[in-house]
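Please read the points below with the structure open beside them. They deal with enclosed spaces, an open pocket and aromatic rings.

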Amino acid sequence: MKLSTVALLSALALSDYAAAANVRTEITRTTHGVVHVKASDFRSLGYGAAYAYAEDNVCMFADSLLTVRGERSRYFGGAAPATAPVNGEYGAGLDLFMQLPNEQSDFFFKGYLDLEQLRAGYAAASKDVRDLLAGYAEGYNRFLADKRGRLPKACNGAAWVKPISVDDLYLFIGEKALHASGEAFAAAIVGASRDPAEPVSLARAMPAATAPMPKGIPAGVGSNALAVGSAVSSNGKGILLGNPHYPWTGTDRFYQMHLTVPGRYDVMGASLGGMPFVTIGFNRNLAWSHTVTSASHFTTFRLALDPADPSGTTYFYDGAPRKMTERTVSVEVLQPDGKLVTKQRSFFFSHQGAVIVLPDAGIGWTSDSAFVLADANRFNTRLGDQWLKMGQADDVTQLQSAIHAVKGLPWVNTVAADRKGNALYIDGSVVPHMTTDKFLSDCLLEPSLLAFDGTRSECGWGQDADAPAGVFGAANAPATIRQDYVGNSNDSYWLTNARAPLVGPAPYGYSPLFGAVGEQQSLRTRLGFKQVEEMLADRRFLRIDDVQDLMFENRLYAAELVLPSLLRACLKANDARLLVPCATLAAWDKKTDLDSRGAVLFREFWNRARALPDLWATPFNPADPVNTPSGVAASAEPALLDALRAASAAMQDVGVPVFGQLGDYQTEQRNNKLYRLHGGIGDEDGSYSSLHMRSGLTAKGYRNVDWGTSYIQLVGFDNAGPVAKGLLVYGQSVDPASPFYADQLSLFSQKRLAVLPFSGQQVRAAQVSSQVLTAK
């Protein structure tokens, strides 16, 4: 229903914005609640963006701010975990990146995020970013004032929903930068902190390692991105598919928006977690997406401590003693009787980073040594300027220049296509400046810990003239521009085009911190390239609809590789227990569509079989990375049959038929309605469009999505500008009462993408509501 324009004139008691500037911000919603904000300046733009986002996600945003402020324990108690999602409503947990009870989470964020350093970083940011953030805080506060007493049920009247300042946004954005570094080590950082009231007790020796060190973002979490260039596109212009696989609940949900300051910025796409920037998007001439990079964004250093200091906080550097800095923070913790108790902990830092203790990985704090985490993203305040500059680029060459000029991308690759028909891959993320020669020298002490000698400056991070301190610049970062295609599904830069692996400069190539070369690729990566190459072999040129078909093909590459041998083994087995399972798999289409019968059985089988030793007949060949390894070794066939028997028995135990349709057993529940979902797991089974469910197989199947295909963006170009389709699978809002809570789930089930209106004419034609925010 189309609504008349509304002038919202409530007093700005919670903000000084009225005194700072005149505001006229237009907020238009189009189909599925997609938000279009148009303003005359960046401060007004932030104002409107925040107001619109709060309308859809105020409870989640307010709850998330408690996390970064270190205030969860004050309202929910110290032992509780972060707010869990219920029926898809909202959650504030960082469950993909950090799983700590509230008290430890509060201490981590208060101890590790340094507000003074963040303020200094933003003081050096552009005026546009500072204005955008100031307006965002003021727009959010305006929303709270306007809607007082009328917030969604989940947080209406909650004491923890309160006005914010720009400092809160510094912390909020700072948390996003830490996903692949500090947050992965949150427990280790808190574990090295001390209660200042307790005596110091240091270990005598480092613990023995029993588990690997965290690697950053968990394996498998990531995205697909594909850029098609002029040599293979039907109209000679670029095509971009962005398919991030990200959480469906919590602080990292995407949000669809179109932000415009006429003549200066006009970008549509999605923001991450409520940030006031389009992080994956397109403008009139350019489209880009991100995938989680395989690069490391941290190293560790081993310090030699002065045994004469019983506190263990004096270390040697280039032969001279240095004292660690100490940061003591306080956390208020709600007690069962309703009282608040204040607790303190002290965190310690060398000039390289925070002291960590991670006994399972063999990292302790002894009387003579300690480890510190050197984190390239701890004080990365360049994210806002990075995404603004990217959105203002006109082609992939300008985009590449903007990425290297700002160097603010925290942990993502970028894949892009432009109207000229160029396709770009670049890992322009902040990667510590550790060259290959340092990995080959005695500076590297513990490869499994990325641990370097922290006693010598010659073993520290280096410097490129065109980059911020300690990270690699343009000449030492992987990138390629092509006219056929580039793609990435979270494996390293090495294979971004099936025909031309990417190698670095002589003599050593790119730093090992960017990822491995010549190594086996995931089944998802391999399928992505196979689909492109097979489609190009079938037709010389690709249309935007062809790329959409590729996205939704739902082939399962593990099945294509394994089933021929498995079915032959079935025939030879002469086992009555295998008759129905083998017949089901023989009739299955080897896909994960809604009506695919056999997909559930294969998933249960493959979850048991994929880790079998010596499975493949043809081993991995770096000269043929897309097609190897392949073929089932004859010696592995008995174990495969055992896995199939076990899978069939497990399904029988929970009452799920082996021939059931996938869509009946892979579902998302919203407002007591079940939505049938297609798609496989991803890296593990070789599905391109991927979903990770919160539950294993039960009598009701796999219920509710944890993470996976989230925002889909498919952008081509004609002579007038972008031609775009997309979907925010889980919907714009976390409020069950909102019409935008689950309205896009059915489109995803049907493999339909909605038109993304970009031009003024398209926006007006698709408008469902509008409002104007004014203040004087």
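1. The second largest cavity is lined by A225, L226, G487, N488, S489, T525, G528, F529, V532 and Y688. Three elements give two or more residues each to this lining: β4 (222-228), β22 (485-488) and α12 (523-538). Of the elements, α12 gives the most, with four residues. Please bear in mind throughout that this is a predicted model.

2. The volume of the second largest cavity is about 70 Å³. As for the class of its lining residues, five are nonpolar, five are polar and none is charged.

3. How many cavities of 30 Å³ or more does the structure hold? There are six. The largest cavity contains about 170 Å³ of space.

4. The lining of the largest cavity is made up of 17 residues, and F254, L272, H290, W411 and V412 are the ones that lie nearest the centre. At least two lining residues come from each of β5 (239-247), β9 (286-292) and α9 (383-391). The largest share belongs to β9, which supplies three residues. Sorted by class, the lining of the largest cavity has 12 nonpolar residues, four polar residues and one charged residue.

5. The second largest pocket should be noted separately from the cavities. About 780 Å³ of space lies in this pocket. Its lining counts 33 residues, with H351, Q352, G353, D375 and F379 lying nearest the centre. Two or more of the lining residues are given by each of β11 (314-317), β13 (325-334) and β16 (369-375). From β16 come three residues, the largest share of the lining of the second largest pocket. The classes here are 15 nonpolar, 12 polar and six charged.

6. Next, the aromatic rings. The structure holds 30 aromatic pairs. One of them joins F42 and Y265: the ring centres are 6.0 Å apart and the planes stand at 55 degrees, so this pair is classed as tilted. The partners belong to distant parts of the chain, since F42 is in helix α2 (residues 42-69) and Y265 is in strand β7 (residues 265-272), with their positions 223 residues apart. Are these two residues buried or exposed? Both F42 and Y265 are buried.

7. F254, already listed among the residues nearest the centre of the largest cavity, also takes part in an aromatic pair. Its partner is Y711, and the pair is tilted, with 6.3 Å from centre to centre and 40 degrees between the planes. F254 lies in strand β6 (residues 254-261) and Y711 in strand β30 (residues 711-718), so that distant parts of the chain, 457 residues apart, are linked. F254 and Y711 are both buried.

8. Which residues are linked by ring pairs into a cluster? They are Y53, F61, Y136, Y140, F172 and Y255. One of these cluster members, F172, also has a charged neighbour: K176 lies over the face of the F172 ring, 4.3 Å from the ring centre.

9. A second case of a charge over a ring involves R378 and Y112. The charged end of R378 sits over the ring of Y112, at 4.8 Å from the centre of that ring.

Conventions
Residues are numbered from 1 along each chain as its sequence is written. This is a predicted model: local features need pLDDT of at least 70, side-chain atom pairs count only at pLDDT 80 or more; totals for chains, interfaces and linings use all residues. Side-chain values use heavy atoms; hydrogens and water are left out. On a 1 Å grid over the protein atoms alone, a cavity is a set of points where a 1.4 Å probe fits but cannot get out, and a pocket is an open set with protein on both sides within 12 Å along at least five of seven lines; lining residues have an atom within 4 Å of a point. Grid points are joined across faces, edges and corners, and a volume is the space filled by probe spheres set on the points. Ala, Val, Leu, Ile, Met, Phe, Trp, Tyr, Cys and Pro count as nonpolar, Asp, Glu, Lys and Arg as charged, and the others, Gly among them, as polar. Rings of Phe, Tyr and Trp (its six-membered ring) pair if their centres lie within 6.5 Å; planes under 30 degrees apart count as stacked, over 60 as edge-to-face and the rest as tilted. Buried means under 20% relative accessible area, exposed over 50%, partly exposed in between (1.4 Å probe, protein chains only). A charge sits over a ring if NZ of Lys or CZ of Arg is within 6 Å of the ring centre and within 35 degrees of the ring normal.
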